[in-house]
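Here's a quick briefing to read alongside the model. Have the sequence and the 3D view open, and we'll go topic by topic.

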Amino acid sequence: AGVSLRVMHQLCWMNTKVLFKYMRYDPALNTPQRHLPVSIHINYHPEKEQRMRSVIQFYFEGKLDALDVWNGGEGRNSSSCR
């Protein structure tokens, strides 16, 4: 018990924890032109609907600063800390 195996690549079938904590800061992956995931599961954060709107703005509307309002955990980004 407590052991799991991920069979799908975490950057293609990602969750918002990976997106908001790691991927958006990686220069090789931080724009839709460099990397476009197949699916993003938005369930890690309490602000699900608002974060979903930001993800849509980022990937589909080309608003590259749409994710900047959020921090990696809960709530909005209120400092330069990740």
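What percentage of the 82 residues of the protein chain count as buried? The figure is 30%. Keep in mind that this is a predicted model. Below comes the overall picture, then the pocket, then four residues worth clicking on.

**Overall layout**

- The protein chain has two helices and two strands, and starting at the N terminus they come in the order β-α-β-α.
- Is the radius of gyration in line with a compact globule, or at odds with it? A compact globule of 82 residues would come out near 12 Å, and the protein chain has 13 Å, so the two agree.
- Along the principal axes, the C-alpha atoms take up a box of roughly 40 × 25 × 25 Å.
- If you take contacts in the protein chain with a separation of 6 or more, 52% of them join residues 24 or more positions apart.
- About 5,700 Å² of the protein chain is exposed, with 52% of that coming from carbon and sulfur atoms.

**The largest pocket**

- The largest pocket comes to about 170 Å³ in volume.
- Two elements each give two or more residues to its lining: strand S2 (39-41) and helix H2 (48-60).
- Which of the elements gives the most to this lining? That's H2, with five residues.
- To find the pocket in the viewer, select Leu36, Pro37, Val38, Ser39, Ile40, Ile42, Met52, Val55, Ile56, Tyr59 and Phe60.
- Sorted by class, the lining has 10 nonpolar residues and one polar residue, with no charged ones.

**Leucine 19, in helix H1**

- Leucine 19 belongs to helix H1, which covers residues 16-21.
- Its relative accessibility is 1%, so leucine 19 counts as buried; the cut-off is under 20%.
- Leaving out residues up to four places away in sequence, leucine 19 touches Met14, Arg24, Ile40, Val55, Tyr59 and Leu67. Among these partners, Ile40, Val55 and Tyr59 also appear in the lining of the largest pocket.
- Leucine 29 sits 10 residues from leucine 19 in sequence, and their C-alpha atoms are 9.7 Å apart.

**Arginine 51 and histidine 45**

- Arginine 51 is in helix H2, while histidine 45 is in the loop between S2 and H2.
- Buried or exposed: which is arginine 51? Arginine 51 is buried, because its relative accessible area is 0%.
- Histidine 45 is buried as well, given a relative accessible area of 2%.
- With residues up to four places away in sequence set aside, arginine 51 touches Phe20, His45, Trp70, Asn71, Gly73, Glu74 and Gly75.
- Counted that way, histidine 45 touches Thr16, Lys17, Phe20, Arg51, Gly72 and Gly73. So Phe20 and Gly73 turn up on the list for arginine 51 and on the one for histidine 45.
- Histidine 45 and valine 55 are 10 residues apart in sequence, with 13 Å between their C-alpha atoms.

**Leucine 64, after H2**

- Leucine 64 is found in the segment after H2.
- How exposed is leucine 64, and what class does that give? At 47% relative accessibility, leucine 64 is partly exposed, since exposed would need over 50%.
- Beyond residues up to four places away in sequence, leucine 64 touches Pro32 and Phe58.
- Threonine 16 is 48 residues from leucine 64 along the chain, and the two C-alpha atoms are 16 Å apart.

Note on methods:
Residues numbered from 1 in each chain as written. Predicted model: local features only at pLDDT ≥ 70, side-chain atom pairs only at ≥ 80, totals over all residues. Heavy atoms only, no water. 1 Å grid on protein atoms, 1.4 Å probe; cavity = no way out; pocket = protein on both sides within 12 Å on 5 of 7 lines; lining within 4 Å. Points joined across faces, edges and corners; volume = space filled by probe spheres on them. Helix = DSSP H or I, 4+ residues; strand = E, 2+ residues; numbered from the N terminus. Nonpolar A, V, L, I, M, F, W, Y, C, P; charged D, E, K, R; others polar. Rg over C-alpha atoms; globule rule 2.2 N^0.38 Å. Buried < 20%, exposed > 50% of the residue type's maximum accessible area, 1.4 Å probe, protein only. Contact = heavy atoms within 4.5 Å. Areas by Shrake-Rupley, 256 points an atom, 1.4 Å probe, with all protein chains shown as cover.
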